[in-house]
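Please open the structure in your viewer and keep the selection panel at hand. The tour below moves from one selection to the next and says what to look for at each stop.

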Amino acid sequence: MGKLSYGYRKLTAKDPDKPACAACDITHGGLHLDETAQWKAAKAEVVKSGAVKDVKQFHRDELDGETKGFVQSQGLQFPMVLAKDEGSGLRSVMSSEELAAFKGDPQAFMQKLRQKLEGGTSGV
């Protein structure tokens with residue numbers, strides 16, 4: 001049902017600066033079911049660079065209790081990027097508005113992510 005809802009929102013969106021899901025545009029190139037080759041390469045590159053230990057993607061219905069509680073307590077909107085820092089827990093790294101600015105470009109997203117994460121995080 002989530003994919004159908006996303007597809008409808010994607011096809012009927014009138015404002016290109018407010019996509020149906022900016023994260024989906026970055027990871028899947030829009031309405032594709034599989035991750036794009038560019039996204040896979042960008043993930044591998046940012047992990048290899050040492051900026052992060054791991055990159056994980058979750059749909060809102062896949063969040064664990066800690067993450068769900070953090071998102072709710074902070075009043076964050078989907079999609080977003082969170083980081084889990086060693087010792088200090090979760091923090092917000094990018095908002096849905098920031099993700100939309102990448103207009104589906106995984107390389108630009110990862111470049112900005114590396115800049116924001118300098119300082120050592122354990123995972124994203």
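## Stop one: the cysteines

The count of disulfides comes to 0, where a disulfide is taken as a pair of cysteine sulfur atoms within 2.5 Å. Select Cys 21, which takes part in no disulfide and whose nearest cysteine sulfur, belonging to Cys 24, lies 3.0 Å away. Seen from the other side, the sulfur of Cys 24 has its closest cysteine sulfur in Cys 21 at 3.0 Å, and that is too far for a bond. For orientation, a disulfide is a covalent bond joining the sulfur atoms of two cysteines.

Now show the surface around these two residues. Cys 21 is buried, with a relative accessible area of 13%, and Cys 24 also counts as buried at 17% relative accessibility; here buried means under 20% relative accessible area, exposed over 50%, and partly exposed in between, with a 1.4 Å probe and protein chains only.

Before moving on, note that this is a predicted model, in which local features need pLDDT of at least 70 and side-chain atom pairs count only at pLDDT 80 or more, while totals for chains, interfaces and linings use all residues. Residues are numbered from 1 along each chain as its sequence is written, and side-chain values use heavy atoms, with hydrogens and water left out.

## Stop two: the aromatic rings

There are 2 aromatic pairs, a pair being rings of Phe, Tyr and Trp (its six-membered ring) with centres within 6.5 Å, called stacked if the planes are under 30 degrees apart, edge-to-face if over 60, and tilted for the rest. Select Trp 39 and Phe 109, whose ring centres are 5.8 Å apart with planes at 45 degrees, so this pair is tilted. The pair links distant parts of the chain, 70 residues apart, with Trp 39 in helix α3 (residues 37-48) and Phe 109 in helix α6 (residues 106-117); helices (H or I, at least four residues) are DSSP runs numbered from the N terminus.

Add Phe 102 to the selection: its ring and that of Phe 109 have centres 5.7 Å apart and planes at 85 degrees, so the pair is edge-to-face. Ring pairs thus link Trp 39, Phe 102 and Phe 109 into a cluster. Trp 39 and Phe 109 are both buried, and Phe 102 is buried too.

## Stop three: Gln 38

Finally, select Gln 38, which lies in helix α3 and counts as partly exposed at 48% relative accessibility. Leaving aside residues up to four places away in sequence, Gln 38 touches Pro 106 and Gln 107, contact meaning heavy atoms within 4.5 Å.

Key. Helix = DSSP H or I, 4+ residues; strand = E, 2+ residues; numbered from the N terminus.
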